[in-house]
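Visitor: Could you take me through one part of this model at close range? I would like to see how a pair of helices packs and what surrounds the pair.

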Amino acid sequence: MDIREKILILEDEKLLRMTLRKRLEDQRYDVVEAETGAAALEAIREDEPDLLLLDYRLPDMTGIDVLRHVRDLHLDTSAILLTAFASVGSAVEAMKLGAHDYIDKPVDFDALLATIAKALETTRLRREVRRHRSEMQRLYGITNIVGHSKAIEQVLFKIRKVADSAATTVLVRGESGTGKDVVAKSIHYLSSRADKPFMNITCTALTESLLESEMFGHERGAFTDAKGLKKGLLETAAGGTVFLDEIGDMGAQLQSKVLRFLEDKTFKRVGGSADIRVDVRVIAATNRDLEKLASTGAFREDLYYRLKVVPIDLPPLRDRREDIPDLVEHFLDQFNKEFKKKIRRVTDEAMACLVRYDWPGNVRELRNVIERVTILEDHEDLDVPDLPEEILRATDPGADEEAEAPGGAPSAGAAQLVRLPEEGVSFRDVQYELVRQALERTGGNQTKAAQLLRISRDALRYKMRSFGLG
């Protein structure tokens, strides 16, 4: 389909306006006309054009007044100012407001067409940047930090505050899998730096010398394999964010260079002598206790306090179990879309198992579990038997019930029912036989069988799965 780019002509001289329209339509542009600033602004609000051709002097306002209103609407539209009253002052003001160019009347149409082509390219680039930013915010933004617990609300509060601030140093602390990288990306894509690079490096992934070269870059001949100049992450990320993951494992020599950069915002490339200044936000993350490491000399104390300007602490998932149902729903929706599945819900019994589990791998482990079951299962409701074996073993809901009857004493008839043979017996075999008999007596009704065995239904289901009775 032929999608034409739209140009709005704001010109109070009817003859010139009609001439411009005819010439632009001949070039296959879609053209809208307006002869007052108010009419132009109404047309812009109704359907954002790709380019504005603005006359400077209008009956109700100037073209610069219109441009100022357009910028207040935060549109990506480019603008070209047309005037017979050229002045340096108005040209400078127009450029400050984002005008692409400034053209005198009478209009040289060939020159105008060339300027229009360049201005429309600027519009396309702005919109592509906006689309990219929107997609990055969707993929990595704050909406990916799920939960309603007080701990997570505090994390979200700090992310918003930091993103809106000029703070250039942030320290994110938390166990492995708690989502430190998600917090770093959320800060970046929520901030005014979102259009600039986000550079990520794991401090444990490289030797100290390679890590230094990756961060600061190197000059030609700095070492044997340095065949040419290479910019490091700090230069590449100028205006954006550098994420230093697992900074607690960084070597002492590199720590001192990072400290100098944080203090002065300058650094030298490896093998270089010139100071290079860049504006970047540094977000450091660690799963180690930096305060303890600093007290023992294993981490520079001055660097620790410099990093700790804005600390954000991520709680382990076991300390915010109330967020697990929200996270499960979030990941289920994500993987349903990714794998084109239609899993509707997780049963209450299965959710109870997920909430009871301690999640040593934190949110990352939960995400992986939901991804796994979404891939493997096709029915609408995920139930206890669909969960991984390691979760079922760790959260056997019948364990406490089987250990002892209420009050700590066996039920009245238990002593007469059970006689331990002299030669012993397999406890598993006994459990199997009792579960089998309960199911047989109740015609397979799991609720009634669980009542006969004095255990919960999800405990019975776990046993059935374990014994192959499902």
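Guide: Here is a walk through one helix pair and the core around the pair.

Keep in mind that this is a predicted model. Let's start with helix α8, residues 208-216, and helix α10, residues 252-264: their axes come within 9 Å and cross at roughly 20°. Angles under 35 degrees count as roughly parallel, so α8 is roughly parallel to α10. The crossing of α8 past α10 is right-handed.

Now for the residues that build the contact. From α8 come E208, L211, E212, M215 and F216, and they meet A252, Q253, L254, K257 and V258 of α10. Sorted by class, this contact has 6 nonpolar, 1 polar and 3 charged residues.

V258 is a good place to zoom in. Leaving out residues up to four places away in sequence, V258 touches M215 and F216, and also M250 and L303.

From there we can step out to the largest nonpolar core, which has 31 residues. M215 and V258 are among the residues with the most contacts inside this core, a list that also includes L234, L244, M250, F261 and L307. At least two core residues each come from α8, α9 (233-236), β10 (241-245), α10, β13 (281-286), α11 (290-295) and α12 (301-307). The largest share, 5 residues, is supplied by α10. Elsewhere there is a second, separate core of 27 residues, with F331, V346, A350 and L354 among them.

Technical notes: Residues are numbered from 1 along each chain as its sequence is written. This is a predicted model: local features need pLDDT of at least 70, side-chain atom pairs count only at pLDDT 80 or more; totals for chains, interfaces and linings use all residues. Side-chain values use heavy atoms; hydrogens and water are left out. Axes are lines fitted to C-alpha atoms, for helices over the stretch in contact, and angles run from 0 to 180 degrees between N-to-C directions. Helices (H or I, at least four residues) and strands (E, at least two) are DSSP runs, numbered from the N terminus. Angles under 35 degrees count as roughly parallel, over 145 as roughly antiparallel, 65 to 115 as roughly perpendicular and the rest as oblique. A crossing is left-handed if the near helix is turned anticlockwise from the far one by less than a right angle, and right-handed if clockwise. Contact means heavy atoms within 4.5 Å. Ala, Val, Leu, Ile, Met, Phe, Trp, Tyr, Cys and Pro count as nonpolar, Asp, Glu, Lys and Arg as charged, and the others, Gly among them, as polar. A nonpolar core is a set of buried Ala, Val, Leu, Ile, Met, Phe, Trp, Tyr and Cys residues joined through side-chain atoms within 4.5 Å. Buried means under 20% relative accessible area, exposed over 50%, partly exposed in between (1.4 Å probe, protein chains only).
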